[in-house]
Amino acid sequence: MRHKRLYLAWLALHFLVIVTISCGDVLWLVAHRLTLLPSRFGYFARKAEPIKVRALGQTLTSSNPVRRALLTYCHIAGIERGYGYFAPNVPDSFRLGFELYYPDGQTEYTLPSVNSRAVGLRLASLLDQLGRTPHAGMREYLVKKMAQNVWREHPDALRMRAAFGIVNLPSIDEFRHGKGEDFEFLYGYDFSRSDAAAALQDR
Amino acid sequence: MRSWITQRDAFLFPREGDGWLSLLRVGLGIQTVFYAISLRHDWEYLFARNGHELVGPDVAEALLSTQSPLVPRLGWLTAVGIRIGLSESIVLSIAWWLLVIAGTALVIGLFSRASAIAAWFLHLGAAKSAGFLSYGVDNFMTIGLFYLMLSPLPDGLSVDRHWREPRRQNRQLLGFWRRVLELHLCLIYFFGGLAKCLGSGWWDGSNLWRALIRPPFNVLDPEILVRWKYLFPVAGIIIALLEVSYPFFIWGRSTRKIWLLGICGMHAAIGLAMGMYLFALVMIVLNVAAFAPDLDFVKDWRQRLPKGRNAALRHPLSAAR
């Protein structure tokens with residue numbers, strides 16, 4: 001067979017990247033004490049984490065061609081992230097709600113709307129990422145984008161408050177004793193009709 | 001040394017039939033069509049920049065550009081479309097229809113290679129432009145379509161083979177790409193299972209409960225789930241062990257059927273109980289394409305197909321046993 005060595009070299013590099021990313025994910029979980037393992041494993045995991053960072057070229061500058069080539073390849077092959085879905089434990093989910101205030105003093109509560117269940121799953125993914133991102137500015141920008149749709153659906157509202165928080169799920173025993181989901185408030189954003197008009201004008 | 005190289009080549013470049021590739025092509029074609037249909041009513045809502053979008057692709061595409069400017073995104077298509085005088089809405093509609101056409105062409109095996117490349121490009125573009133709105137299903141579709149477009153298409157059951165390209169493929173190359181898919185699945189389940197084994201919630205069943213009541217996966221009534229609470233610890237342990245042991249038991253002739261049925265059953269259950277139909281479908285397609293063609297009942301079925309389409313499906317590892 002022709003080009004056998006080429007195929008072998010690609011295979012080795014491809015799986016080396018997959019294994020490095022996956023090991024890195026597991027090490028991160030251990031280093032952050034999110035697993036069953038005793039805390040002394042966290043020390044070793046923290047020691048090992050830089051190996052993954054170096055192996056994936058993450059110490060290189062963002063414009064470095066090697067780093068860019070590797071990232072491009074990871075994205076086009078679908079191997080840019082690990083496979084620890086719902087692991088090591090299933091996290092609480094995040095929720096974004098909008099409280100609308102009308103000129104006559106009435107208030108109304110609404111959620112971001114989607115047309116299908118398929119996009120509902122994607123919206124949950126977006127909220128999870130908003131909840132975990134350390135970039136407050138990005139979170140605020142994306143909440144503002146979602147608020148623009150709410151303005152359109154509720155043209156009579158005067159002010160709006162977006163409440164972003166975490167939904168604490170009950171355990172089985174708690175549920176049996178009548179406890180439901182708990183909403184824990186994390187971030188709030190206030191918008192007025194004039195803000196929305198200005199944002200639309202900026203476009 | 002020479003014997004090691006021979007063994008390595010026998011493992012990585014086995015002479016294979018193309019049955020697995022037919023399964024992968026048809027399965028990913030169906031998956032692509034369903035993916036497009038599932039987003040039909042929200043396509044513009046997700047990808048347009050008209051002020052009516054959910055969050056729009058701007059932030060996701062900008063963040064992607066900081067990592068690499070060469071990763072496909074729908075923004076490329078809209079930029080080209082606008083340059084030649086088309087509206088963004090029309091370009092997005094064309095992209096959606098092209099995705100449906102590419103998926104349908106994959107199902108019947110028409111222009112297989114071009115269809116696989118088009119499906120990969122358009123799906124990846126949509127997944128990357130959606131950015132924060134993408135989840136596991138997009139990852140696995142990218143992986144599947146990436147391997148599909150690199151594999152030696154067209155396969156024996158495609159329209160292409162009978163109409164345009166009657167020549168046979170390189171069987172060692174077929175074996176190589178199948179092995180790549182098999183090894184990748186082993187890594188996916190091993191690391192997924194390992195991470196689950198490290199969480200206490202998979203051992204006491206609480207993670208299963210939480211997964212099933214967590215919005216938006218809460219398809220089943222919690223009152224019904226409570227009645228099955230004694231099954232959760234067992235099911236949680238089975239899931240974690242099934243995944244982490246997948247690379248060790250999926251190769252053996254006697255254990256393959258059990259592990260394959262177990263994993264496919266798990267994905268079917270996730271699809272039904274959590275409403276993740278597309279995720280379930282893509283995982284079942286990848287597993288069936290990689291490991292089902294060697295199972296006896298699949299061989300029996302293929303032997304009933306007309307002669308000439310039924311390539312030999314002998315698996316060197318199974319045969320060795």
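User: What order do the strands of the open sheet in chain A come in?
Analyst: The order is 2-1-3-4, with 4 strands and antiparallel pairing. Strands here are DSSP runs of E with at least two residues, helices are runs of H or I with at least four, and both are numbered from the N terminus. Two strands pair if DSSP finds at least two bridges between them.

User: Any ground rules on the model and the numbering?
Analyst: This is a predicted model, where local features need pLDDT of at least 70 and side-chain atom pairs count only at pLDDT 80 or more, while totals for chains, interfaces and linings use all residues. Residues are numbered from 1 along each chain as its sequence is written, and chains are lettered from A and ligands numbered from 1 in the order in which they are written.

User: OK, back to the sheet. Which are the edge strands?
Analyst: Strand 2 (107–110) and strand 4 (182–192) of chain A, each of which pairs on one side only. Neighbouring strands in this sheet are turned by 25° against each other on average, direction ignored.

User: How many bridges join strand 3 to strand 4 of chain A?
Analyst: 10 bridges, with strand 3 (residues 159–168) and strand 4 of chain A running antiparallel. Arg159(A), for one, has Ser192(A) in strand 4 of chain A as its bridge partner.

User: And how many bridges do strand 1 and strand 3 of chain A pair over?
Analyst: Strand 1 and strand 3 of chain A pair over 9 bridges, in the antiparallel sense. Across that pairing, Phe94(A) stands opposite Ile166(A) in strand 3 of chain A.

User: What about strand 1 and strand 2 of chain A?
Analyst: They run antiparallel and are joined by 4 bridges. The bridge partner of Phe98(A) in strand 2 of chain A is Thr110(A). The hairpin these strands make has 5 residues between the strands, and in that hairpin Gly105(A) takes a positive phi near 90°.

User: Which strands does helix 4 of chain A lie across?
Analyst: Helix 4 (residues 117–132) of chain A lies across strand 1 (93–101) and strand 3 of chain A, at about 95° to strand 1 of chain A. Helix 5 (residues 136–153) of chain A packs on the sheet too, touching strand 1, strand 2, strand 3 and strand 4 of chain A, and its direction makes about 120° with that of strand 3 of chain A. For those angles, axes are lines fitted to C-alpha atoms, for helices over the stretch in contact, and the angles run from 0 to 180 degrees between N-to-C directions. Contact between two residues means that their C-beta atoms, placed from the backbone, lie within 7 Å.

User: Zooming out, what's the pattern along chain A?
Analyst: It reads α-α-α-β-β-α-α-β-α-β-α, from 7 helices and 4 strands. The domain assignment gives domain 1 (4–77) and domain 2 (93–202) of chain A, with bounds from an automatic or database domain assignment. The centres of domain 1 and domain 2 of chain A, over C-alpha atoms, are 35 Å apart.

User: What radius of gyration does chain A have?
Analyst: 23 Å, where a compact globule of 203 residues would have one near 17 Å. The radius is taken over C-alpha atoms, and the globule rule is 2.2 Å times the number of residues to the power 0.38. The C-alpha atoms of chain A fill a box of roughly 75 × 50 × 35 Å along the principal axes.

User: Where does Leu36(A) sit?
Analyst: Leu36(A) is in the loop between helix 1 (4–31) and helix 2 (39–55) of chain A. Its contacts, leaving aside neighbours within four places in sequence, are Leu198(B), Gly199(B) and Ser200(B).

User: Why does Leu36(A) count as partly exposed?
Analyst: Because Leu36(A) has 15 C-beta neighbours inside 10 Å. A residue is buried with 20 or more other C-beta atoms within 10 Å of its own, exposed with 12 or fewer, and partly exposed in between, C-beta atoms being placed from the backbone. Buried residues make up 24% of the 203 residues in chain A.

User: How many residues does each chain give to the A–B contact?
Analyst: Chain B gives 62 residues and chain A gives 59 residues. Helix 10 of chain B gives the most to the side of chain B that touches chain A, with 13 residues.
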